[in-house]
Amino acid sequence: MAKHWFLEDGHTKFRKAVADIIERAAEDICQSNASETLGDEHLQCQHLFSKMYALMQAGQRDLSNALLCCSRVPNPVVELRYYKSRVRRKKGGAKSQFVEKETGADFALTLRVDLPGVLQAERSVLGQAKILGRPSVELDIEQLDLLLKVAGAESGAYLLWHTDLSPTVVTAENVTSHTRTHGKDRLYPGLCELGQSFSDFFSETFLGLWFGKDYDPVKEGEHPPASSIPILYHFLHRGLPPPNVVYFGLGSADQMQLPPGVYVTDVTDMGE
């Protein structure tokens, strides 16, 4: 296990608690009738995130105890938010979500650490959600190219799942390598062997700062270009978040004027 920057070595209680919640939240979208009961990949992805946050909110006390047991950071405060959205539609056809239109992604994971004197960082992962099928499903190469262009190899990823496979994260770079090797614009279940379970990716790789693109709000200024990753944070931290964003914030109790622990807000439904 790689060394974690804010969790003590050998202390796995918090990571395991988060990972277990994600695994439980994923059960619904891995059912054989998920398409009939939950809808398409956009709706299933939103269901996954919404259930994650509902379970985290219900288990907030246990998560807080686990955090305080494991944290290297004195008196930590973790804030969890999810901005839910549905695909926007207009007469004459479907219009992509803002994030997908501008970045090639249909969801984002964002992280903000504000610990003066220890670490201050903002970073994001841009993702494309896909339900795998047998033997394969079509891959939109233009979408993949856009995702890599905007997010880069360090933060572009695919979230893949099907009835026999819990959600798995495969980097966009690995997806590209896989298509070059196989010579087909298809996504195969075997591709997931190159990835990591979403539960481990979120609790270990993402929160451990091993994957994601950094954002400097001072450098980007007040009006970042609409096609750039900074637009995610620009809108997120100025009260107008883009669609389908999972947010994890870490600060200190003194600075945030809150008792140490985990705080999970209600899901913010962005509507149509």
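The structure, a predicted model, holds two cavities of 30 Å³ or more. This report begins with those cavities and then turns to the nonpolar cores, a helix pair and selected residues.

**Cavities**

The two cavities are set side by side below.

| Cavity | Volume | Lining residues by class |
|---|---|---|
| Largest | about 40 Å³ | nine nonpolar, one polar, no charged |
| Second largest | about 30 Å³ | four nonpolar, two polar, one charged |

The lining of the largest cavity consists of Phe107, Leu109, Val125, Gly127, Ala157, Tyr158, Leu159, Val169, Phe198 and Phe201. Four elements, β4 (107–115), β5 (119–131), β7 (156–162) and α8 (198–206), each provide at least two of these residues. Strand β7 has the largest share, with three residues.

Around the second largest cavity stand Ile22, Glu23, Ala26, Ser166, Pro167, Phe198 and Ser199. Here at least two lining residues come from each of α1, β8 (165–171) and α8. Phe198 thus appears in the lining of the largest cavity and also in that of the second largest.

Helix α8, which contributes to the lining of the largest cavity and of the second largest, is mostly covered, with eight of its nine residues buried. The buried residues are Phe198, Ser199, Phe201, Phe202, Ser203, Glu204, Thr205 and Phe206.

**Overall organisation and nonpolar cores**

The protein chain comprises 11 helices and 14 strands. Of its 272 residues, 52% count as buried. Among contacts in the chain with a separation of 6 or more, 74% join residues 24 or more positions apart.

In soluble globular proteins, nonpolar side chains tend to be buried together. The largest nonpolar core of this model has 47 residues, and those touching the most other members are Phe14, Leu48, Phe49, Met52, Leu109, Phe198 and Phe202. Helix α3 (residues 41–58) gives the most to this core, namely seven residues. Another core lies apart from it and has 20 residues, including Val137, Val150, Tyr158 and Leu160.

Which residues does Phe49 contact, leaving aside its neighbours within four places in sequence? They are Tyr82, Phe107, Leu159, Phe198, Asn244 and Val246. Of these contacts, Phe107, Leu159 and Phe198 also belong to the lining of the largest cavity.

**The packing of α1 against α4**

Two packed helices are described by the angle between their axes and the distance between the axes. For helix α1 (residues 13–25) and helix α4 (residues 60–70), the axes come within 7 Å and cross at roughly 150°. On the α1 side the contact is made by Lys13, Phe14, Ala17, Val18 and Ile21, and on the α4 side by Leu63, Ala66, Leu67, Cys69 and Cys70. By class, this contact has nine nonpolar residues, no polar residue and one charged residue. An α-helix has 3.6 residues a turn, so residues three or four places apart point the same way.

Leu67, a residue of helix α4, is buried, because its relative accessible area is 0%, below the 20% cut-off for burial. Outside its neighbours within four places in sequence, Leu67 is in contact with Phe6, Phe14, Pro76, Val78, Gly261 and Val262. Leu67 and Val77 are separated by 10 residues in sequence and by 8.9 Å in space, C-alpha to C-alpha.

**Loop residues**

Three loop residues complete the description. Ser85 is placed in the loop between β1 and β2 (89–90). Is Ser85 buried or exposed? It counts as buried, because its relative accessibility is 2% and the cut-off is 20%. Although 160 residues separate Ser85 from Val245 in sequence, the two are 8.7 Å apart in space, C-alpha to C-alpha.

Asn75 lies in the loop between α4 and β1 (76–84). Its phi is near 50°, a positive value in a residue other than glycine. Asn75 is partly exposed, because its relative accessible area of 42% falls between the limits of 20% and 50%. Leu209, in the loop between α8 and β11 (213–214), likewise has a positive phi in a residue other than glycine, with a value near 65°.

Definitions and conventions: Residues numbered from 1 in each chain as written. Predicted model: local features only at pLDDT ≥ 70, side-chain atom pairs only at ≥ 80, totals over all residues. Heavy atoms only, no water. Axes fitted to C-alpha atoms, helices over the stretch in contact; angles between N-to-C directions. Contact = heavy atoms within 4.5 Å. Nonpolar A, V, L, I, M, F, W, Y, C, P; charged D, E, K, R; others polar. 1 Å grid on protein atoms, 1.4 Å probe; cavity = no way out; pocket = protein on both sides within 12 Å on 5 of 7 lines; lining within 4 Å. Points joined across faces, edges and corners; volume = space filled by probe spheres on them. Buried < 20%, exposed > 50% of the residue type's maximum accessible area, 1.4 Å probe, protein only. Core = buried A, V, L, I, M, F, W, Y, C linked by side-chain atoms within 4.5 Å.
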